[in-house]
Amino acid sequence: MWAIRSLQKALFGDRSKESITEIAKGQLYVVRPISPKGFSELIYRDAVASIRRTSQDYNYELVIQRAYEEGEEDLEDSDEEGGGLDNDEKTFLLDKALHFRSAQREGSGWVLAWRDLSGDTGDLYEFICDDSIAEEDVKNFTFAAMECQYERKYRKPSKADDHDLKEFEFDEEDPIPSATSLAGSTELPPTSKQAAEHMAKEVKDRKKEPKSTAPESFDAVHGPTQAPAARKAPEALEIFTQKQAELHLFDFESGSFVLQDSAVIATVSEIGTWRYWLQITGGHGKEWLGQPVVADIGPVFNFEYLSFIFNHYADDGSAYSWLLRFKDQPTLEAFQEGVMRALWELLNEMKWSKVQKQDRDYVIEAFNDLTMDDPNVEQEEEDEEDEGEPDSPPQQSEHYDEDESEDDVELHDKDGYANSQLAVGSKYDRSFVIRGSKIGVFKHLPNKHLEFSTNISKVETPKGKTFSPKKVMLHNEDESMILQNPDNPGSLYRMDLEYGKVVDEWKVRDDIPVINFAPETKFAQRTMNQPFVGHSKNALFKIDPRIAGNKLVEEQLKQYASKNDFSAAATTEKGHIAVASNKGDVRLFDRIGVNAKTLIPALGEAIIGLDVSADGHWLLATCKTYLLLIDCLQKEGKNEGKLGFERSFAKDSKPQPRRLAMKPEHVAQFKHETGIDLAFTPAKFNADPEGKETSIITSTGPFLVTWSMRKIIAGQRDPYHIKRYSDQVIADNFEFGSDKNVILALPNEVDMVSRKAFKKPTRESIAGEVANSRLSAGAYSTPRKSVRGRASHLRNEIVNSPY
């Protein structure tokens with residue numbers, strides 16, 4: 001190998017530089033030797049190849065960027081339907097699975113090649129270097145790519161010698177096929193016979209490779225993920241189910257499931273009071289896996305492929321994704337019954353046998369892949385998979401004046417607080433971010449960006465006691481904000497946003513602490529309507545600030561003697577109310593003060609957030625590890641066409657649930673890359689008084705996650721996309737009136753991002769493509785401005801503290 005040791009320091013020495021090395025000119029092709037789509041396709045006629053760092057240690061990405069001629073970029077930017085980040089840039093996580101290599105063609109220049117992991121077998125990306133590129137530059141680039149792959153695999157800085165990097169050479173691969181000669185010629189693509197011969201040759205060549213003691217992957221990628229040591233099963237009190245199956249383990253490098261054992265026995269058993277165990281045993285007594293049955297296993301049952309997919313967390317906190325494949329549907333159904341029985345009893349501390357049959361069916365149905373038919377859901381205008389967004393401008397900290405440089409960036413603050421809540425305006429283009437006892441106000445700009453507007457430096461009661469709001473809600477045409485002081489749960493406070501101060505304390509009722517509150521109707525915040533809905537753990541009530549004394553309306557109070565443990569509430573456009581609990585059930589009311597029309601059974605996990613479509617058709621509940629989308633429209637019987645808010649469902653006709661969960665292998669990759677457990681923030685529909693709900697937004701750890709309603713209802717696979725940030729996403733919501741832009745708060749930053757920037761969850765988008773937000777919550781010194789730009793009594797006050 002030709003690499004020089006001093007090259008390591010030259011390429012990797014300065015960690016402050018994002019880009020490590022680049023090749024300034026070339027063309028990008030995708031080559032499909034055996035695909036009916038055509039042999040070769042030109043992606044970028046003029047492009048730049050570079051290797052750059054990500055925010056994750058030991059992870060690097062290969063980046064191919066389209067290069068524009070003078071005036072061409074302006075033309076692209078003016079085209080609303082085209083352009084964007086996905087069209088102008090392709091990124092690939094530098095991993096051994098790419099089989100990255102370089103070669104010099106006879107009588108021609110250098111070419112870089114790597115596998116298209118999302119394409120068909122044998123598909124390659126080829127970057128054909130311009131004739132002006134020196135051989136030394138190509139070799140340095142290839143050497144840097146090998147170093148990056150070494151660091152990712154071994155999770156340490158590379159001090160590798162030629163021998164250590166040998167495993168990242170792929171000289172034994174087939175010669176790199178020529179993209180340019182075929183792309184510009186009239187030669188036909190390979191015939192089916194030629195394709196079959198090529199595939200046979202690939203299999204034959206692979207059989208010649210040195211054999212590994214590890215199981216072979218479905219796509220024959222080297223170095224599969226190794227199963228952790230299995231725990232021994234405790235003594236079983238009762239066997240719930242015991243079935244034979246194939247066992248597969250998800251391989252992080254190849255992104256596929258690898259066969260581990262063709263015949264195992266999977267057993268679910270009770271081992272103690274509300275304690276359950278899953279054990280998988282192979283031939284000759286080999287123990288493959290042993291783990292408690294917990295909610296975080298994220299069970300998915302796929303009857304099309306007769307499979308059960310779940311997650312396993314080892315003692316060291318690492319996550320693995322397993323797949324059991326059964327011989328037929330009855331076997332899978334029997335195993336599913338055992339798993340769901342264990343999960344139900346664990347989460348509800350109630351015997352499965354005491355649950356009514358229709359409720360058991362409801363629980364089991366929620367964990368299946370369903371197709372939901374709703375012809376009334378509007379089609380999305382664009383398929384966001386292939387869209388992108390223009391590059392963002394440089395980040396700005398909030399301690400700049402208008403004449404200061406935009407290069408002055410301060411991304412973290414020393415005030416000891418972090419952003420905790422986000423309120424997005426529905427009447428005016430403003431967003432409010434809570435940070436301790438301070439509130440930052442941001443203006444929405446037409447170019448999909450945010451601009452800092454003003455700072456409310458101190459939230460305090462009318463008596464002058466400072467507090468950090470536990471919950472906030474915009475009110476009265478966005479002119480007021482209702483705040484809750486965690487030290488005084490029997491009262492709420494109203495802040496006048498024009499003046500930036502709390503002007504009213506509303507005593508609700510001393511013996512009924514307010515847990516949560518919501519607008520009286522879906523879009524009431526856009527009006528001057530004063531009443532709103534509140535609830536405690538066991539009561540639902542209306543609050544009216546206009547009445548004297550306590551603001552709770554006694555005539556509209558529904559209290560329960562039992563401990564319902566209410567946790568969240570939401571309202572429809574007609575004022576129907578949905579209330580969820582920490583037990584996981586949901587009650588649907590047509591009005592306050594009466595019994596619920598419908599009780600939706602619990603799946604087990606606590607519900608931490610609730611939203612409902614304006615027309616009441618769809619209910620969206622958020623649990624820690626999944627979302628629950630429920631169709632509240634009755635499809636049959638005497639109440640056909642009525643909502644569950646208006647009429648009770650028949651006993652044998654519960655609402656149809658749809659459990660929205662990340663694929664277990666994606667969850668395992670999240671955990672593998674970030675070390676953070678799955679924990680969703682309260683999910684929300686896009687809100688638009690003039691249109692239907694088309695999208696869902698939530699987040700977990702550093703990932704924003706969005707679902708397409710159209711794809712969910714159509715039963716499409718993987719109907720979600722993600723966008724990764726460099727820090728944990730604290731809160732998120734759509735910009736009001738559209739699902740095109742998402743506003744989010746990180747611990748110290750605030751951002752608006754286009755949904756076009758979201759990508760399919762792949763190895764690259766999970767591990768390597770990290771976004772940075774635009775606005776920092778750092779200290780700043782700027783004149784206070786009114787929220788909507790009107791004159792303010794405080795306009796001359798200078799704020800010199802972080803919000």
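In this predicted model, L324 touches a wide set of residues beyond its neighbours within four places in sequence: A245, E246, L247, V264, A266, I280, L306, S307, F308, F310 and F335. L324 is also one of the residues with the most contacts inside the largest nonpolar core, together with I280, F308, F310, F335 and L619. That core has 57 residues, and its largest share, 7 residues, comes from helix 7. Apart from it lies another core, of 27 residues, which includes I23, I64, F127 and I133.

**The sheet**

An open sheet is formed by 7 strands with antiparallel pairing, in the order 11-10-9-8-14-13-12. Strand 11 (287–292) and strand 12 (300–302) are its edges, each pairing on one side only. From one strand to the next, the twist averages 30°. Within the sheet, strand 13 (residues 307–313) and strand 14 (residues 319–325) run antiparallel and are joined by 7 bridges. Along this pair, H312 stands opposite Y320 of strand 14.

**Helices against the sheet**

Two helices are described here by the strands they meet and by an angle to one strand.

| Helix | Strands met | Angle |
|---|---|---|
| Helix 7 (residues 329–348) | strands 8, 9, 10, 12, 13 and 14 | about 105° to strand 8 |
| Helix 9 (residues 664–674) | strands 8, 9, 12, 13 and 14 | about 15° to strand 13 |

Helix 7 packs on the sheet, and the strands it touches include strand 8 (238–251), strand 9 (256–272) and strand 10 (275–281). Helix 9 lies across strand 13 and strand 14, among others.

Helix 9 is mostly covered, with 9 of its 11 residues buried. The buried residues are P664, E665, H666, V667, A668, Q669, F670, K671 and E673. After helix 9 comes G675, which has a positive phi, near 75°.

**The second largest pocket**

The space in the second largest pocket is about 1300 Å³. Its lining consists of 42 residues, and those nearest the centre are L422, K471, V472, P682 and K684. The elements that each give two or more residues to this lining are strand 15 (419–424), strand 19 (471–475), strand 23 (516–519), strand 27 (566–571), strand 31 (609–612), strand 35 (684–685) and strand 39 (731–734).

Notes
Residues are numbered from 1 along each chain as its sequence is written. This is a predicted model: local features need pLDDT of at least 70, side-chain atom pairs count only at pLDDT 80 or more; totals for chains, interfaces and linings use all residues. Side-chain values use heavy atoms; hydrogens and water are left out. Buried means under 20% relative accessible area, exposed over 50%, partly exposed in between (1.4 Å probe, protein chains only). Helices (H or I, at least four residues) and strands (E, at least two) are DSSP runs, numbered from the N terminus. Two strands pair if DSSP finds at least two bridges between them. Axes are lines fitted to C-alpha atoms, for helices over the stretch in contact, and angles run from 0 to 180 degrees between N-to-C directions. Contact means heavy atoms within 4.5 Å. A nonpolar core is a set of buried Ala, Val, Leu, Ile, Met, Phe, Trp, Tyr and Cys residues joined through side-chain atoms within 4.5 Å. On a 1 Å grid over the protein atoms alone, a cavity is a set of points where a 1.4 Å probe fits but cannot get out, and a pocket is an open set with protein on both sides within 12 Å along at least five of seven lines; lining residues have an atom within 4 Å of a point. Grid points are joined across faces, edges and corners, and a volume is the space filled by probe spheres set on the points.
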